[in-house]
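This report covers one strand with its partners, then one tryptophan. Please keep the model open while reading.

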Amino acid sequence: MSDNTQPHDEQSMSDDDLIELIVRYNDDDLDEYELAALSAALEGDDRALELFHSIALQSLTIAEVTSPRHKPTPFPRQTIFWWSAAMALAASVAFAVFLDLRAGQLPTVARLVQATGKVTVTMPDGEARKLTVGDDIPVGMQITTDGVGSTASIQFPDQTKVSLHGATEAAFREEGHKQVDLFIGNVVADVQPQLPGKPMKVITEHAVTEVLGTVLSVQATPQQTDVDVVEGKVRVVRTGDQSTIDVTAGEKTVVARDLPFKSQLRTATPDRWKVDFEKELPRGWRKGIWAQDGLPLDSAGAVKAETRPGFLDPKRTWYQIETYNRWSEGLFTVVDRTHMKASFHVKQPGNVQIMLLTRGADFHGLDSVYLYEINDMDAKQAADWQTVDIPLTSFKKVPSEDAVFSPPQLGQVVYKVVLSTQDRNLELVVDQLEFGPRTVAAKN
């Protein structure tokens, strides 16, 4: 070899090779050696990082970052650009975390201080790891409370606390200001006073809520975002057109394509709730299949149990009916003599579980799950349509050391109802479902 030959720099990489690796990284198509090469090329190279961010922004779309069950209805182009940009930034943060992981470090932003049920963090390699109280929360990684009754309270160093309730997915970061990316579900935030010009932001598909110090609830669904303010004042920015409104204590706003963008007074959750399925399933209904066959003579429609992965073992199939999530406004408030009345049918004997998911008034405290089980049905009962009338005092809190003596408390708000036959397909069909206080006349 000639002495004039330039030494080969094993760390150098041509732009074409770098672009190819970045594009294939976005397609999740790199093996461990190529990931190592991309990591080495990006580390400490501002130009390479800028190229990575640019390609991520161009290639990432809502369809690539949203699962089918979360896929939103089409929004104006500026909304799609904003959401794509936000997700591209999230992808960049995730890759930065990947670099830190390779160096043996994992940047954190907050800590899990309270939890019930199943709480997980999704790592950059896609693995979902269980979190326990005391664990640190990695920057930008998705935190999930999975299943009925799961909650997680996450606390920033300044004592700002954000609680996740029910089936919720969110990510946390602090880069000049605190930020919560709420992908789906329910959060309650108790925000300590923030520095002027640096509000904490809760970001959903439909809105950005800016908070300087207050107590609020945010619920995100594919259709809309609900913001309820308990204390203080927040500013809500609608991502579709960047219009803004202020929402103060005792007020709420709902951000959706087909609703006026305005603040309104929060109203108390009523003590009665009734649903039937005569024409179709209600909008936002979570689990169930609309049915028209084999119904009572006076009925034109009902809801049939649908399959879903089991709570404890996702490989097992469960059968259930699940109402819409009414975390924000609630379905009904528990009062004295509240009863449940339901008309249902199963094709074979078995147990039917009824679960009530509740939250406290004004979103304070942890939510709870209460259970009642209809069992000991004989073959004749299973063959007929049945109507049950159950006092809520017969429900028990789960889990509980003294569950028999812990029915729903007066003033609690029920925000979701689940009927399940667990892993047995009894072909459960419900015609009507009603909750409310029993009147004296009905009692006699």
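Buried means under 20% relative accessible area. The model is predicted. Trp327 has 0% relative accessibility, so this residue counts as buried.

**The strand S4**

S4 spans residues 142–155, and 10 of its 14 residues are buried, so the strand is largely enclosed by the rest of the structure. S4 pairs with S1 and with S5. The table sets out both pairings.

| Strand paired with S4 | Residues | Bridges | Direction |
|---|---|---|---|
| S1 | 108–122 | 10 | antiparallel |
| S5 | 161–174 | Eight | antiparallel |

Individual residues fix the register. Lys118 stands opposite Asp146 in S4. Ala152 stands opposite Leu164 in S5. Five residues lie between S4 and S5, which form a hairpin. In that turn, Gln159 has a positive phi of about 80°.

**The surroundings of Trp327**

Where does Trp327 sit? Its place is in the loop between strand S19 (317–322) and strand S20 (332–333).

Which residues does Trp327 contact, leaving aside neighbours within four places in sequence? They are His165, Asn186, Val188, Ser217, Gln219, Arg359, Phe363, Asp367 and Tyr415. His165 falls within the residue range of S5, 161–174. With Ser217 there is also a polar contact: the two side chains, of Trp327 and Ser217, are joined at 2.9 Å.

Gly185 gives a further reference point. Trp327 and Gly185 are 142 residues apart in sequence. Their C-alpha atoms are 8.7 Å apart in space.

Notes. Residues numbered from 1 in each chain as written. Predicted model: local features only at pLDDT ≥ 70, side-chain atom pairs only at ≥ 80, totals over all residues. Heavy atoms only, no water. Buried < 20%, exposed > 50% of the residue type's maximum accessible area, 1.4 Å probe, protein only. Helix = DSSP H or I, 4+ residues; strand = E, 2+ residues; numbered from the N terminus. Pairing = 2+ DSSP bridges. Contact = heavy atoms within 4.5 Å. Polar contact = N/O pair within 3.5 Å; in protein donor to acceptor, adjacent residues only side chain to side chain.
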